[in-house]
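Visitor: Please show me the model, and then let us go through its surface and its contacts step by step.

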Amino acid sequence: MSAFDVLMERGFIEQLTHEDEIKELLEKENITFYIGFDPTADSLHVGHFIALMAMAHMQKAGHRPIALIGGGTAMIGDPSGKTDMRKMLTKEEIQYNSECLKKQMERFIDFSDGKAIMVNNADWLWNLNYIEFLRDVGVHFSVNKMLTAECFKLRMEKGLSFLEFNYMLMQAYDFLELHKRYGCVMELGGNDQWSNILAGADLIRRKEGKPAYGLTFKLLTNSEGKKMGKTEKGALWLDANKTTPFEFYQYWRNVNDADVEKCLALLTFLPMDEVRRLGSLKDKEINEAKKVLAYEVTKLVHGEEEAKKAEQAAIALFESGGDLSNAPTFEMPANLLGQKVIDVLVEIKAIPSKSEGRRLIQQGGLYINNEKVSDMDFIIDESLFKDGEMLVRKGKKTFYRVVLV
RNA sequence: GGGACGGUUCCCGAGUGGCCAAAGGGGGCAGACUGUAAAUCUGUUGGCGCAGCCUUCGGUGGUUCGAAUCCACCCCGUCCCA
């Protein structure tokens with residue numbers, strides 16, 4: 001089975017520059033392709049994870065991936081599909097972020113023995129000569145055409161700075177550069193990158209007279225078409241310090257019934273027969289599929305050990321039994337004993353403000369050791385701790401293990 | 001550079017001297033119903049020593065008993081003209 005068939009069957013593909021040619025190419029040859037990641041934050045998130053999965057599938061099929069870190073393009077900022085210009089990052093921030101992304105990617109892709117390449121476009125973008133670049137690359141771009149590009153549509157209403165307008169040229173130039181250096185013939189990316197990918201492929205055809213291809217992935221959306229991978233705290237990060245393995249596990253444990261199969265196909269390596277079987281489970285049964293999904297994705301991102309811990313914690317909290325020690329934990333200094341719940345919870349940062357705590361109690365959403373707290377002045381004392389720990393529950397799904405220290 | 005219009009609480013967006021912690025929607029949180037799902041319904045959504053008080057409406061000063069609302073200057077954005 002070729003990489004093309006795998007990506008198609010698992011539902012990765014949204015658009016292709018040349019469907020038939022790409023299909024044939026991926027069947028008959030081992031190619032070099034690239035995916036770019038701009039270091040706009042110090043961690044990758046789920047959106048990037050899809051791309052990494054696609055990269056891994058391609059690599060398994062014998063193709064050579066180039067993971068490009070956009071240290072240069074992050075200096076510009078991609079306006080594609082965004083309503084406003086992003087905050088400009090400093091060179092230092094970008095360098096720091098680049099290092100973080102690099103470490104994360106090494107966990108998913110095998111870079112040993114030249115099986116994959118990692119590059120940073122800062123290496124060639126930071127020292128570009130403006131005049132040379134304009135004469136060399138700029139001539140090949142039509143402003144008229146760019147203005148009609150989908151990726152700028154939103155910005156034609158709210159304003160687009162010249163800085164960001166240049167992003168497309170930078171990315172196109174990357175593709176050309178990788179083509180020359182490594183014989184890279186294909187760029188993959190999220191569907192929001194379609195215009196940029198086309199620009200790069202066009203540039204190679206014009207300047208080199210050689211074919212270049214592009215392919216975009218479906219954005220991870222739920223059955224209502226909304227972007228997935230967002231939590232109340234923002235993105236669902238791959239970094240354990242930004243999104244804990246338990247939170248990460250719970251996110252997938254709670255996906256909509258309708259999205260389970262799609263997620264299994266995109267985010268795990270389970271065989272498609274198994275994916276389809278799990279996806280076809282109905283009603284309560286589908287919870288089994290969700291457990292598999294949560295476990296598998298967490299395993300890929302955080303490793304088997306963390307995945308098991310997260311699973312254990314979930315069993316302990318929701319099904320009773322299992323090992324509680326892996327549940328999210330807060331430490332409570334012993335000198336807080338004798339104070340009101342609200343004060344204690346705010347102090348250990350389990351809730352952000354006392355007003356919120358009062359609201360919780362008023363609405364009957366706070367439990368200690370599974371008993372509802374209805375008294376605003378409820379006192380936390382030592383008798384609540386069994387073996388030095390107490391279980392606080394906020395609403396139905398948020399649990400904290402509080403440990404006395 | 002000239003002119004027009006804007007900058008409101010997490011987001012969108014009403015408010016144009018006191019009745020404004022500020023309509024409405026989105027999102028969030030909680031409750032009911034459930035399957036740790038979805039949909040639906042209800043409540044809630046600045047902080048605190050919570051029948052009261054304190055801090056918020058781009059910034060700084062001013063007018064006024066009283067300003068998100070009026071005035072001055074400044075900063076930022078969009079549009080039109082140059």
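Visitor: Which residues make the nonpolar surface patch of about 450 Å²?
Guide: This is a predicted model, in which local features need pLDDT of at least 70 and side-chain atom pairs count only at pLDDT 80 or more, while totals for chains, interfaces and linings use all residues. Side-chain values use heavy atoms, without hydrogens and water, residues are numbered from 1 along each chain as its sequence is written, and chains are lettered from A and ligands numbered from 1 in the order in which they are written. A patch joins residues with over 30% relative accessible area and no salt bridge (a side-chain nitrogen of Lys or Arg within 4 Å of a carboxyl oxygen of Asp or Glu), with nonpolar side chains (Val, Leu, Ile, Met, Phe, Trp, Tyr) joined within 5 Å and like charges within 9 Å; areas come from the Shrake-Rupley method with a 1.4 Å probe, and for residues only the protein chains shown count as cover. The residues of this patch are Tyr130, Ile131, Leu134 and Phe162.

Visitor: Which helix gives the most to the nonpolar patch?
Guide: Helices (H or I, at least four residues) and strands (E, at least two) are DSSP runs, numbered from the N terminus. With three residues given to the patch, the helix is H6, residues 130-136.

Visitor: Is Ile131 buried or exposed?
Guide: Buried means under 20% relative accessible area, exposed over 50%, and partly exposed in between (1.4 Å probe, protein chains only). Ile131 lies in helix H6, and because its relative accessibility is 55%, Ile131 counts as exposed.

Visitor: With which side chain does the side chain of Thr32 make a polar contact?
Guide: Thr32 lies in strand S2, residues 32-37, and is buried, at a relative accessible area of 9%. A polar contact is a pair of N or O atoms within 3.5 Å; within protein, one must be able to donate a hydrogen and the other to accept it, and residues adjacent in sequence count only if both atoms are side-chain atoms. At 3.1 Å, the partner of Thr32 is the side chain of Arg64.

Visitor: Which helix gives the most to the surface near RNA strand B?
Guide: A residue is near a strand or molecule if one of its heavy atoms lies within 4 Å of it, and 31 residues surround RNA strand B, the closest being Gln250, Asn254, Asp257, Ser355 and Arg358. With five residues, the helix that gives the most is H18.
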